[in-house]
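Please open the structure in your viewer and keep the selection tool at hand. The tour below moves from stop to stop, naming what to select and what can be found there.

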Amino acid sequence: QVTGNISASGDVTLNATDALFSSKLTVNGDAYCANGGWKLGSAATFIGEITSDSGILTIQSDGQRDIQFNNTSTSASVFIEGQNGNVGIGTTSPTQKLEVHGVTLISGSAPALEFSDIGDNGSEAMIRIDSPDMEIFSGRTGGLHNNIEIRTGDNDNSSTVRMFISGSSGNVGIGTATPSKTLTVVGDISASGGDIYLQNNRGLKFERADGTSQDAIMVDGND
């Protein structure tokens, strides 16, 4: 048992005959810190420490220093940006809360990505694989189902809705975000390599400028 400080000018080995990998301290066996941590840095600069914080194993940098996990062949496999807390996998300059450079795999039973808008209670959406289907859930805000929009563009301020599915009615719009029918298309429609089918008592209607419509082709039980 040793109390007080230990000062040594050379290598210190505990239960070992030689210092390993040019280490100043080599311990052959377990080392235990009861009330403190392992501090890292240079003679003049404190970098951070590995410690226990209320029973939680904690890696803590000093100030706003970055933290990275890597091996000898891969630099910064996981990188934590000290100023904003962004996490990067495969990158040392993450611009979002989590930025991954490479392929991300989600596996398991019905694996999914779930989205939640913290500002709107209950506003959740999900993309899920439930074999053999890929499912997209719009979620709901309060008692209303959310709409689904497919947009092209850079962001909300410079994008265009190309396809829209109404959360309340299920109506689908192509080229419009206000579909009034089960399928509303604003623009030309082209069909090739197949047929367009009309069921009994259904037809094609043309709408006048005043909003009224007129049957152009109608299919009944006989014709």
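**First stop: a salt bridge early in the chain**

Begin by selecting Asp11, which is partly exposed because its relative accessible area of 47% falls between the limits of 20% and 50%. Keep in mind throughout the tour that this is a predicted model. Now add Lys24 to the selection: Lys24 forms a salt bridge with Asp11, and the closest N and O atoms are 3.8 Å apart. The pair links distant parts of the chain, with Asp11 in the segment before β1 (12-14) and Lys24, 13 residues apart from it, in the loop between β1 and β2. Lys24 counts as exposed, since its relative accessibility is 57% and the limit for that word is over 50%. The structure holds four salt bridges, and further ones appear at later stops.

**Second stop: a nonpolar patch on the surface**

Next, select Leu14, Leu25, Val27, Trp38, Ile50, Leu57, Ile59 and Phe69, which together make a nonpolar surface patch of about 760 Å². The elements that give two or more residues to this patch are β2 (25-27) and β5 (56-61). Within the patch, centre the view on Trp38, which belongs to strand β3 (residues 37-41). Is Trp38 buried or exposed, or something in between? With a relative accessible area of 45%, Trp38 is partly exposed.

**Third stop: the sheet from β6 to β9**

Move on to an open sheet of four strands, whose order is β6-β7-β8-β9 and whose pairing is mixed. Its edge strands, each of which pairs on one side only, are β6 (67-69) and β9 (98-100). Neighbouring strands of this sheet are turned by 10 degrees against each other on average, if direction is ignored. To see one of the pairings in detail, select β6 together with strand β7 (residues 78-80): the two pair in the antiparallel sense over three bridges. Here Ile67 can be picked out, standing opposite Ile80 in β7.

**Fourth stop: a hairpin and a network of charges**

Select strand β11 (residues 124-130) and strand β12 (residues 133-137), which pair in the antiparallel sense over five bridges. A hairpin through two residues joins β11 to β12. Which residue of β12 is the bridge partner of Ile129? The partner is Met134.

While this hairpin is in view, show the side chains of Arg128, Asp130 and Glu135, which are linked in a network of salt bridges. Within the network, the side chains of Asp130 and Arg128 meet at 3.7 Å, taken from N to O. Asp130 counts as partly exposed at 33% relative accessibility, and Arg128, at 23%, also counts as partly exposed.

**Fifth stop: the sheet from β15 to β18**

Continue to an open sheet of four strands with the order β15-β16-β17-β18, in which the pairing is again mixed. The edge strands are β15 (148-153) and β18, and each of them pairs on one side only. On average, and with direction ignored, neighbouring strands of this sheet are turned by 25 degrees against each other. Select β15 and strand β16 (residues 159-165) to see two strands that run antiparallel and are joined by six bridges; in this pairing, Thr152 stands opposite Thr160 in β16.

Then show the side chains of Glu149 and Arg151, which form a salt bridge whose closest N and O atoms are 2.7 Å apart. Glu149 is partly exposed, at 37% relative accessibility, and Arg151 is likewise partly exposed, with a relative accessible area of 39%.

**Sixth stop: a loop glycine and the confidence of the model**

Select Gly187, which lies in the loop between β18 (183-185) and β19 (202-207). Gly187 is exposed because its relative accessible area is 51% and the limit is over 50%. If you draw a distance from its C-alpha atom to that of Asn70, the separation is 53 Å, for two residues that are 117 residues apart along the chain.

To finish, colour the chain by pLDDT, for which the mean is 85, with 94% of the residues reaching 70 or more. Confidence is highest in strand β17 (residues 172-174), at a mean of 96, whereas it is lowest in strand β20 (residues 213-219), at 68.

Key:
Residues numbered from 1 in each chain as written. Predicted model: local features only at pLDDT ≥ 70, side-chain atom pairs only at ≥ 80, totals over all residues. Heavy atoms only, no water. Buried < 20%, exposed > 50% of the residue type's maximum accessible area, 1.4 Å probe, protein only. pLDDT = per-residue confidence, 0-100. Patch = residues over 30% accessible without salt bridge, like charges linked within 9 Å, V, L, I, M, F, W, Y side chains within 5 Å. Areas by Shrake-Rupley, 256 points an atom, 1.4 Å probe, with all protein chains shown as cover. Pairing = 2+ DSSP bridges. Axes fitted to C-alpha atoms, helices over the stretch in contact; angles between N-to-C directions.
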